[in-house]
Amino acid sequence: MNAVEFISNYIMHDSLIDSVEVVDDNTIVMSIDFAFWMQNNYDESMPETGVIKVTFNDVSQYSIPQDVDWNEISILETKLENNSIKFLLMNDMTDESLEIRIQTNCVFIQT
């Protein structure tokens, strides 16, 4: 899917980042404890949360904070800004605001 479809179809609010891996300059993989319960199509028979793997391919630019304990980070919002997917994040222990920016048009989600 492209960046617009990703932002439109997946509500990341209240999801937690488990890890962020820059595989190479063109690929970034995020493991996210995803809030299924926040999604428009959520059914109460489904689990409320679960781990998903989000792969960003054909990345042309990115900005990821360094030396972050991802176990402390939650996602407040995702949006499209200047052709980049922007993750607005919060450190749940310190209330510090962080952000990740990834410029791509190829996003793949694996549950």
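Here are some friendly questions and answers about a predicted model, built around its strands and aromatic rings.

Q: In which strand is the place of F87?
A: Let's start by finding our main residue on the chain. The strand that holds F87 covers residues 84-91. That element is strand 6.

Q: Is F87 buried or exposed?
A: A residue counts as buried when its relative accessible area is under 20%. F87 has a relative accessibility of 0%, so this residue falls under that cut-off. The word for F87 is therefore buried.

Q: How many of the eight residues of strand 6 are buried?
A: F87 has company in strand 6, which is largely enclosed by the rest of the structure. The reason is the number of its eight residues that are buried, and that number is seven.

Q: How many bridges pair strand 5 and strand 6?
A: Strand 5 spans residues 73-81, and it runs antiparallel to strand 6. One example of a bridge partner is L88 in strand 6, which goes with E77. The number of bridges between strand 5 and strand 6 is eight.

Q: Which residue in the turn between strand 5 and strand 6 has a positive phi?
A: Strand 5 and strand 6 form a hairpin, with two residues between them. In this turn, a positive phi of about 50° belongs to N82.

Q: Which residue in strand 7 stands opposite F87?
A: Now look at the other hairpin, where strand 6 and strand 7 have five residues between them. These two strands run antiparallel and are joined by six bridges. Across from F87 in strand 7 stands I100.

Q: What distance separates the C-alpha atoms of F87 and I100?
A: Along the chain, F87 and I100 are 13 residues apart. F87 also touches I100, with M30 and L98 among its other contacts. From C-alpha to C-alpha, the separation of F87 and I100 is 5.0 Å.

Q: Why is the pair of F6 and F56 edge-to-face?
A: Two things describe a pair of aromatic rings: the distance of the centres and the angle of the planes. For F6 and F56, the centres are 6.0 Å apart. Planes over 60 degrees apart count as edge-to-face, so the F6 and F56 pair earns that name with its angle of 85°.

Q: How many residues apart in sequence are the parts that F6 and F56 tie together?
A: F6 lies in helix 1 (residues 3-9), whereas F56 lies in strand 3 (residues 49-57). F6 and F56 are both buried. Because they sit in these two elements, the pair ties together parts whose separation in sequence is 50 residues.

Q: What is the angle between the ring planes of F56 and F87?
A: F56 in strand 3 pairs with F87 in strand 6, so this pair ties together parts that are 31 residues apart in sequence. Their ring centres are 6.2 Å apart, and the pair is edge-to-face because of the angle of its planes, 90°.

Q: Which residues form one aromatic cluster?
A: We have already met F6 and F56 as a pair, and F56 and F87 as another. These three residues belong to one cluster, whose members are F6, Y10, F34, F36, F56 and F87.

Q: Which residue has a side chain joined to that of E81 by a polar contact?
A: E81 is in strand 5 and is partly exposed, with a relative accessible area of 22%. Not counting residues up to four places away in sequence, E81 touches K86 and R101. The polar contact, at 3.3 Å, is between the side chains of E81 and K86.

Notes:
Residues are numbered from 1 along each chain as its sequence is written. This is a predicted model: local features need pLDDT of at least 70, side-chain atom pairs count only at pLDDT 80 or more; totals for chains, interfaces and linings use all residues. Side-chain values use heavy atoms; hydrogens and water are left out. Helices (H or I, at least four residues) and strands (E, at least two) are DSSP runs, numbered from the N terminus. Buried means under 20% relative accessible area, exposed over 50%, partly exposed in between (1.4 Å probe, protein chains only). Contact means heavy atoms within 4.5 Å. A polar contact is a pair of N or O atoms within 3.5 Å; within protein, one must be able to donate a hydrogen and the other to accept it, and residues adjacent in sequence count only if both atoms are side-chain atoms. Rings of Phe, Tyr and Trp (its six-membered ring) pair if their centres lie within 6.5 Å; planes under 30 degrees apart count as stacked, over 60 as edge-to-face and the rest as tilted. Two strands pair if DSSP finds at least two bridges between them.
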